[in-house]
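Biologist: Could you take me through one part of this model in close detail? I would love to hear what surrounds a single aromatic side chain.

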Amino acid sequence: MELEEKHPWEPHHHRDGTASARGECTWAAPCPRPAAWSVRVRDAGGESWWAACTEHAESSAVLTPTTPN
């Protein structure tokens, strides 16, 4: 999985009626924390938007990649 875009959470990035559009973290469901980020990722199945809370964004190697020194 590869990160394509990461923006502060905005409902227009997500499909109407979804947990992501309601501002719920969907990166590691179930997650009771609110979304802080809208992220678009790509994998073998294509592209998709997810909502991620601050904690999951900071702990995810996909959403916060580390750069070697």
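Modeller: Happy to; here is a close look at Trp50 and its surroundings. This is a predicted model, in which local features need pLDDT of at least 70 and side-chain atom pairs count only at pLDDT 80 or more, while totals for chains, interfaces and linings use all residues. Residues are numbered from 1 along each chain as its sequence is written, and side-chain values use heavy atoms, with hydrogens and water left out.

Trp50 lies in strand 3, residues 46-52 (strands are DSSP runs of E, at least two residues, numbered from the N terminus). Trp50 counts as partly exposed because its relative accessibility is 31% (buried is under 20%, exposed over 50%, partly exposed in between, with a 1.4 Å probe and protein chains only).

Leaving out residues up to four places away in sequence, Trp50 touches His14, Ser20, Thr26, Trp27, Trp37, Ser38, Val39 and Val41; contact means heavy atoms within 4.5 Å.

Rings of Phe, Tyr and Trp (its six-membered ring) pair if their centres lie within 6.5 Å, with planes under 30 degrees apart stacked, over 60 edge-to-face and the rest tilted. By this rule there is one aromatic pair. Trp27 and Trp50 form it edge-to-face, at 6.0 Å centre to centre and 85 degrees between the planes. This pair links distant parts of the chain, 23 residues apart: Trp27 is in the loop between strand 1 (2-8) and strand 2 (37-43), and Trp50 is in strand 3.

Conventions:
Helices (H or I, at least four residues) and strands (E, at least two) are DSSP runs, numbered from the N terminus.
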